[in-house]
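Trainee: I have a model open beside its sequence, and I would like to learn how to read it. Could you walk me through it?

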Amino acid sequence: MASLQNLICSVSKQLVAPNCAVTSKLNASPLSVVNASSSEASSDEKNVTRRRLALLGAGALATGLLKSSSAYAEEVPKNYKSYVDSKDGYSYLYPADWRDFDFLGHDSAFKDRNVALQCVRVGFIPTTKTDIRDLGPMDEAIFNLVNNVYAAPNQIPTVYDMQENKQLSCCDSQRTVDGKNYWTFEYDLEAPGYGVSAFATVAIGNGRYYTLIVTANERRWSRLRNRLKVVADSFKLSDLTA
């Protein structure tokens, strides 16, 4: 997957930390971890308020649909389809009305047939690490990923803080399935004229570092968040087949 490594290197511009704000969805106002202007803080507060009602619904929907890995394997929820890549060792759900397409540097991708920016894609690169926790403290690792890998130079990222907890709930960003650990987190990328909201799930297995990202236009996020959270939470690794 050399192409994915090249793509990551091209967007990793080592953004200055003050460009990013880290907020908590569990509070009415954002928690500022890095320096930010008063206008950015106001914008963060509006973003958090917009998501609060969607947050509980997302957790309830995702937990209900994905109670266990065996349930996932046996039945695909209504209005979703499953993508299973046994050769490369992963699977996930995606909205049934989306279609596949080629996304540069990624192994698989699906997008909405009519609306721009609504898509899911999966990519992976080789790694000598054996577990996602080997990346270091979760909060720090996620912050660095969003700032230095996912965000382009003209985008201002905001990471929404979630609590580490082994029991799956609406506010968790870590889950463990069949002995493999996954981090799922939510973030925004603001650019002049538009914004993108997304969930990302990252995991390590099979000597690979996997990333699933599902996105939508920020203006449509409140309507789609629950649906796309199911996609992010469905990502699962499997042992490679011969």
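Trainee: Let me begin with a pair of strands: in which sense do β6 and β11 pair, and over how many bridges?

Mentor: Before we start, keep in mind that this is a predicted model. The general idea is that strands of a sheet pair through backbone hydrogen bonds, either parallel or antiparallel. Here, β6 and β11 pair in the antiparallel sense, over 8 bridges. To find your place in that pairing, look for F124, whose bridge partner in β11 is Y210.

Trainee: Which strand is joined to β6 by 4 bridges?

Mentor: That is β5, residues 108-111, and it runs antiparallel to β6. One bridge to look up is that of F110, whose partner in β6 is V120.

Trainee: How many of the residues of β6 are buried?

Mentor: β6 is mostly covered, with 7 of its 8 residues buried. For the protein as a whole, 50% of the 242 residues count as buried.

Trainee: How do I read a nonpolar core, and which residues have the most contacts inside the largest one?

Mentor: Look for buried nonpolar residues whose side chains are joined to one another. The largest core here has 26 residues, and those with the most contacts inside it are Y90, Y92, V120, L212, V214, L228 and F235. The elements that give two or more residues to this core are β3, β6, β10, β11 and α5. The largest share, 6 residues, comes from α5.

Trainee: V120 has come up twice now. Which residues does V120 touch?

Mentor: Leaving out residues up to four places away in sequence, V120 touches Y92, Y94, W98, S108, A109, F110, L212, I213, V214 and V231. So you can start at V120 in the viewer and step outwards through these contacts.Mentor: There is also a second, separate core of 21 residues, which includes I142, V146, V149 and V202.

Trainee: Let me turn to the helix. How does the reach of α5 compare with the 20 Å expected?

Mentor: A useful idea first: an α-helix has 3.6 residues a turn, so residues three or four places apart point the same way. In this case, α5 has 14 residues and reaches 19 Å from its first C-alpha to its last, close to the 20 Å expected at 1.5 Å a residue.

Trainee: Where does α5 bend?

Mentor: Look at R227, where α5 bends by about 35°.

Trainee: Is α5 mostly covered or mostly exposed?

Mentor: α5 is mostly covered, with 10 of its 14 residues buried. Among them are the nonpolar residues W221, L224, L228, V230, V231 and A232, and the list also includes R225, K229 and D233.

Trainee: Which strands does α5 lie across?

Mentor: α5 lies across β2, β3 and β12, and runs at about 170° to β3. Those 3 strands form an open sheet in the order β2-β3-β12, with antiparallel pairing. β2 and β12 stand at the edges, each with a single partner strand, so one side of each is left without a neighbour in the sheet.

Trainee: How many bridges join β2 to β3?

Mentor: There are 6 bridges between β2 and β3, and the two strands run antiparallel. S82 has L93 as its bridge partner in β3, while Y83 has Y92. For the side chains, the general idea is that in a regular strand they alternate between the two faces of the sheet.

Trainee: Which residue takes a positive phi in the hairpin of β2 and β3?

Mentor: It is G89, with phi near 80°, in a hairpin that has 4 residues between the strands. Positive phi also turns up here in residues that are not glycine. N79 has a phi of about 75° and lies in the loop between α3 and β2. L117 has a phi near 75°, and its place is in the loop between β5 and β6. L117 is partly exposed, with a relative accessible area of 36%.

Trainee: One last residue: what is K111 in contact with?

Mentor: K111 lies in strand β5 and is partly exposed, with a relative accessible area of 27%. Leaving aside neighbours within four places in sequence, K111 is in contact with W98, R99, F101, Q118 and C119. K111 and A216 are 105 residues apart in sequence and 9.9 Å apart in space, C-alpha to C-alpha. For the wider picture, take contacts between residues at least 6 apart in sequence: 61% of them join residues at least 24 apart.

Technical notes
Residues numbered from 1 in each chain as written. Predicted model: local features only at pLDDT ≥ 70, side-chain atom pairs only at ≥ 80, totals over all residues. Heavy atoms only, no water. Core = buried A, V, L, I, M, F, W, Y, C linked by side-chain atoms within 4.5 Å. Buried < 20%, exposed > 50% of the residue type's maximum accessible area, 1.4 Å probe, protein only. Contact = heavy atoms within 4.5 Å. Expected span 1.5 Å × (residues − 1). Bend = angle between axes of the 7 residues up to and from the residue. Pairing = 2+ DSSP bridges. Axes fitted to C-alpha atoms, helices over the stretch in contact; angles between N-to-C directions.
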